[in-house]
Amino acid sequence: MLSRRYFIGMAGATLAATALFVKESNALGLFDKKDKNSKFPFSLSDAEWKKKLTPEEYYVLRDHGTERAGTSKLNTEKRNGTYVCAGCDHPLYSSEHKYESGTGWPSFYQPIKAEGAVGTSKDYKLIIPRTEVHCANCGGHLGHVFDDGPQPTGLRYCMNGVAMDFIPA
Ligand SMILES: [Zn+2]
């Protein structure tokens, strides 16, 4: 039988491991704003991003902001074409997978490619964890993905229009 002491010991070990992780992550600069996206193929310094992007693009892509619902002209974009990252021109979504979600944000039920277009991570900004979506090439924040989308995927990629540019086919 496992003793009470064993459990206390395990809890202690977990806490120590967590503390170590936080410390090591900081040592690697993972929580440092200017270095946080250096694991992506395309990376710029914070100063370079500020120069390259408009203030609205910077707010969403680099600061994980959210545009006001219904403000993007991409909401009503119906032409055939490709939605690319406003930060690095990486292809993200195809018009083929766009649909009207009624949320006021451009929505897709899948990325343009299953792998390598966008990446996801857990976002704990609200009490309920959400799945954050970012450009797989530069790490720029695009929006979130929810599981209340249409078939065939059942997913809703809820994107900030300001984080993308539309290239007509
Ligand atoms: Zn990008």
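**Note on the predicted model**

1. Ala163 touches Glu57, Val60, Leu61, Ala86, Gly140, His141 and Leu142, leaving aside residues up to four places away in sequence. The structure is a predicted model, and the points below should be read on that footing. Glu57, Val60 and Leu61 belong to a contact list that reaches helix 3 (55-61), and His141 and Leu142 bring in strand 7 (141-146).

2. Ala163 also figures in the largest nonpolar core, which has 29 residues. Leu92, Met159, Ala163 and Met164 are the members that touch the most others. At least two residues of this core come from each of helix 3, strand 1, strand 2, strand 6 (130-135), strand 7 and strand 8. As background, nonpolar side chains in soluble globular proteins tend to be buried together.

3. On the overall composition, the chain has 3 helices and 9 strands. Along the sequence they follow the pattern α-α-α-β-β-β-β-β-β-β-β-β. Of the 169 residues in the chain, 29% are buried. Among contacts between residues at least 6 apart in sequence, 54% join residues at least 24 apart.

4. One open sheet is formed by 6 strands in the order 3-4-8-7-6-5, with antiparallel pairing. Its edges are strand 3 (98-99) and strand 5 (118-123), each of which pairs on one side only.

5. Within that order, strand 5 and strand 6 are antiparallel and share 6 bridges. Thr120 has Val133 in strand 6 as its bridge partner. Strand 5 and strand 6 make a hairpin, with 6 residues between the two strands.

6. Strand 6 continues into a second hairpin, this one with strand 7 and with 5 residues between them. The pair runs antiparallel and is joined by 4 bridges. Thr131 is placed opposite Val145 of strand 7. In the turn, Gly139 has a positive phi of about 80 degrees.

7. Another open sheet has 3 strands in the order 2-1-9, again with antiparallel pairing. Strand 2 and strand 9 (164-168) are at the edges with a single partner strand each, so one side of each has no neighbour in the sheet. Direction ignored, neighbouring strands of this sheet are turned by 30 degrees against each other on average.

8. Strand 1 takes part in both pairings of the 2-1-9 sheet. With strand 9 it has 5 bridges in the antiparallel sense, and Gly81 has Pro168 in strand 9 as its bridge partner. With strand 2 it has 3 bridges, also antiparallel, and Tyr83 stands opposite Tyr93 of strand 2.

9. Strand 1 and strand 2 (91-94) form a hairpin, and 5 residues lie between the two strands. Which residue in this turn has a positive phi? Asp89 does, at about 70 degrees, although it is not a glycine. Asp89 counts as partly exposed because 14 C-beta neighbours lie inside 10 Å, a count between the limits of 12 for exposed and 20 for buried.

10. His64 also deserves a check of its backbone. Its phi is near 60 degrees, positive in a residue other than glycine. Most residues other than glycine have a negative phi, and most peptide bonds are trans. His64 lies in the loop between helix 3 and strand 1 (81-85). Because His64 has 16 C-beta neighbours inside 10 Å, it counts as partly exposed.

11. Thr71 is in the loop between helix 3 and strand 1 as well. Its C-alpha atom is separated by 8.2 Å from that of Gly161, although the two residues are 90 apart along the chain. Thr71 is partly exposed, with 14 other C-beta atoms within 10 Å.

12. Where does the chain contain a cis peptide bond? One joins Gln151 and Pro152, with omega about 15 degrees. Pro152 is in the loop between strand 7 and strand 8 (156-159).

Terms used: Residues numbered from 1 in each chain as written. Core = buried A, V, L, I, M, F, W, Y, C linked by C-beta atoms within 7 Å. Contact = placed C-beta atoms within 7 Å. Pairing = 2+ DSSP bridges. Axes fitted to C-alpha atoms, helices over the stretch in contact; angles between N-to-C directions.
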